[in-house]
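Welcome! Please take a moment to look over the structure below, and then we will walk through some of its residues together.

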Amino acid sequence: MSATARARTVAGGGAVTREGIFLAEQLWPIKGQLVLAMIGLAIGGLMGLMQALDRVGIVIYKAMLMQTYYQGLTIHGVLLAFLFTFAFINAFVSLVAIRGFERPLASTFLAQGAFWTMLVGTLLAAYAILTNQATVLFTFYAPMRASSLFFLGAALLVISTLLTALNLVLTRRAWQREHPGERTPLLGFVGVVTYVMWALASLGVVVLVVFFLLPWSLGWLKTTDPQFNRILFWYTGHPIVYFWLMPAYISWYLMVPRQVGGRVFSDSLVRLAFILLLVFSVPTGLHHQYVDPGIPTVMKVVHLFTTFSVVFPSLVTAFTVMAALEDGGRARGGTGLLGWIWKLPWGDPSVAAQLLAMLVFILGGATGIVNASYNLNNVVHNTSFVPGHFHMTVGTAVTLSFIGISYWLIPFLTGRELMGRRLALAQAWLWFVGVLLFARGQIAAGLLGEPRRSSIGEAPYRDLISAGLDNWLTAIGGTLMVISGLLYFIVVLWTVFAGRRLTQPLEIPVAEMRFGARETSPRLDQLGFWFLIAVILAAIAYIPTILLYLPLQSVSPPIKVY
Ligand code: HAS
């Protein structure tokens, strides 16, 4: 059977059947995690309305059955930043790896284990947050007390991603045994690199939860060292953003070009960009702690340089993806300097959503560079500038891309045609306009000194910050994003429950290369070598700071502030 034929979804007889590489027992955990991701997006996204309206004094958290503004903000952060992203990435990258390696995942047990741990983790954390036992925001800084169920739930979510990581590594091993001496197929390779990076990055939060916060919340440890805990948190807290971003890059590099009729410039360049993300993502976390006391300036400066190094693969991505889009636009008859842009298939909701996500990421990336600049960070840190930044990155570059991916993924998995295509297009554009207004508001207000993570609607100093117009832009933009989210769920439910059965088989879109794997240096395929470099860099970036903290000054008992 040909590779393409095996990658097909065949609809028929009321049920979708799949041949060869997509095994039913591996597909249900993938579908199950997509459902969990959708639930996270729906509930977490709805809380955004409460936060946006709060900026103009409309305080509705009680109407949304929340005890405090912060309970809603915790639901928003945890469900979107952890549940939606982790569950979607586990599902999407597993599916992509199956297609990339042209074989089933190595372990069905691990694939199903990833689903069950994600489900149980979600239930535990959700119970703790909804019963107001874990109103600690998604960063859960010590010494804020949260129920042990919350930490257990969070740990299970991470374990779910690590089971997927192990499964992908084993799948690559199995592929290598079956294809001795060959280069790893790029589509499989980028998925494995994403998860290998994450396995190294998650170490901080695993140590934090397992050795400190969980025993502390259970009363087995009476006190903890909050500043040391923050260092562990941010060890994971920055590279997690690349764990969110790299799956979107997989789609931008290797799928969108196919959807627009273009080719990827080169196999080597894509491999190089992912390897650089693997190497430089982890040793960067202290840029979240530029203003924290107790960390040597020299180490903050080391992290400043590595942060700017990890910007480089994103700049490479910007030019390479643009080249692939131009190739597609010109193949469709586009001429002149910019004429190819209008020839791109803007009428395809999957493409439009992702193109708009890329455009927003240009601004999201630029604001990240402001954050990362040591002296400018003093102006923006802990102001609403920061949510302005991350709603353009994880909130749009990632989320709107995942939405765009789901516009082909859901038909692929259900064997049903995407319904409401115009509605889906309106959804993508509404999100785009919404986030630009929202971020403009947050960023400008932040520059005037408006704090982040504050119920501005209830703050006595509200009128001292003359951010009236900016706060209105935030409120209007945020509301448009929530309406866009509602449109999205109408499209999804319409497709899943009332979509017409597909008569033509669907394929996962995979782009062709201009310069393929044969030209790629074997070094770029040696994942173990690059992982070792990443470990060494992480050790250099963190060990000197960690040594300063030993023995730990464990002085803080848990404090309930909500
Ligand atoms: Fe960030 C804070 C620095 C990227 C998310 N960031 C955050 C927080 C989140 C977040 C959630 O240095 C808040 C955490 C908290 O609660 O405190 N960030 C950066 C830098 C980058 C960056 C330097 N961030 C991201 C990404 C995120 C994300 C990606 C999520 C996915 N960030 C910071 C810093 C802070 C921070 C500080 C702490 C601030 C503080 O003080 O608290 C860079 O990696 C960005 C590089 C990206 C680019 C853009 C490349 C553009 C591309 C698009 C090309 C477009 C095309 C379109 C091809 C340079 C690839 C063509 C289309 C046509 C139609 C023609």
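Let us begin with F82, which is buried at a relative accessible area of 11%. It counts as buried because its value falls under the 20% cut-off. Keep in mind as you read that this is a predicted model.

**F82 and its surroundings**

You can find F82 in helix α3. Which residues does F82 contact, once its neighbours within four places in sequence are left aside? They are G77, A87, F138, F140, L157 and I240. To get a feeling for distance, pick out L315 as well: F82 and L315 are 233 residues apart in sequence, and their C-alpha atoms are 26 Å apart in space.

**F140 and the nonpolar core**

One of the contacts of F82 is F140, so let us go there next. F140 is found in the loop between α4 and α5, and at 5% relative accessibility it counts as buried. Not counting residues up to four places away in sequence, F140 touches F82, F150, F151, V205, L208, V209, L213 and F233.

F140 also belongs to a bigger picture. The largest nonpolar core has 166 residues, and F86, F140 and F150 are those with the most contacts inside it. Helix α3, which spans residues 69-101, supplies the largest share of this core, with 22 residues.

The backbone of F140 deserves a look too. Most residues other than glycine have a negative phi. F140 is not a glycine, yet its phi is positive, at about 30°. R453 is likewise a non-glycine residue with a positive phi, of about 50°. R453 is found in the loop between α17 and α18, and with a relative accessible area of 22% it is partly exposed.

**Two cis peptide bonds**

Most peptide bonds are trans. The peptide bond from A142 to P143, however, is cis, with omega near 10°. P143 lies in the loop between α4 (108-130) and α5 (148-178). Another cis peptide bond joins L550 and P551, where omega is about -5°. P551 is found in the segment after α19 (527-548).

**Around the ligand**

Now let us turn to the ligand and its iron atom. Which residue is the only protein donor of this iron atom? It is H389, through its NE2 atom, at 2.2 Å. H389 is found in helix α16.

How many residues lie around the ligand? There are 37, and Y242, N377, H381, H389 and R452 come nearest. By type, the shell divides into 23 nonpolar, twelve polar and two charged residues. The table gives some distances between the protein and atoms of the ligand.

| Protein residue and atom | Ligand atom | Distance |
|---|---|---|
| A372, polar backbone atom | oxygen | 3.1 Å |
| N377, polar side-chain atom | oxygen | 2.8 Å |
| H389, polar side-chain atom | nitrogen | 3.0 Å |

The elements that give two or more residues to this shell are α9 (239-254), α12 (297-331), α14 (349-372) and α16. Which of the elements gives the most to the shell? It is α14, with eight residues.

**A few more residues to find**

Helix α16, residues 385-414, also holds S401. Is S401 buried or exposed? It is buried, with a relative accessible area of 0%. Leaving aside neighbours within four places in sequence, S401 is in contact with A248, W252, Q354, A357 and T396.

Next, look for R230 in helix α8, which covers residues 226-237. R230 is buried, with a relative accessible area of 18%. Not counting residues up to four places away in sequence, R230 touches Y141, Q289 and D292. With D292 there is also a polar contact of 2.8 Å, which joins the side chains of R230 and D292.

Our last stop is L49, in helix α2 (residues 24-54). L49 has 22% relative accessibility and counts as partly exposed, because partly exposed covers the values between 20% and 50%. Leaving aside neighbours within four places in sequence, L49 is in contact with I60, T479 and V482. For one more distance, try L286: the C-alpha atoms of L49 and L286 are separated by 32 Å, and the two residues are 237 residues apart along the chain.

Notes:
Residues are numbered from 1 along each chain as its sequence is written. This is a predicted model: local features need pLDDT of at least 70, side-chain atom pairs count only at pLDDT 80 or more; totals for chains, interfaces and linings use all residues. Side-chain values use heavy atoms; hydrogens and water are left out. Helices (H or I, at least four residues) and strands (E, at least two) are DSSP runs, numbered from the N terminus. Buried means under 20% relative accessible area, exposed over 50%, partly exposed in between (1.4 Å probe, protein chains only). Contact means heavy atoms within 4.5 Å. A nonpolar core is a set of buried Ala, Val, Leu, Ile, Met, Phe, Trp, Tyr and Cys residues joined through side-chain atoms within 4.5 Å. A polar contact is a pair of N or O atoms within 3.5 Å; within protein, one must be able to donate a hydrogen and the other to accept it, and residues adjacent in sequence count only if both atoms are side-chain atoms. Donors are N, O and S atoms within 2.8 Å of the metal (3.2 Å for Na, K and Ca); water is not among the atoms, so sites may look incomplete. A residue is near a molecule or strand if one of its heavy atoms lies within 4 Å of it. Ala, Val, Leu, Ile, Met, Phe, Trp, Tyr, Cys and Pro count as nonpolar, Asp, Glu, Lys and Arg as charged, and the others, Gly among them, as polar.
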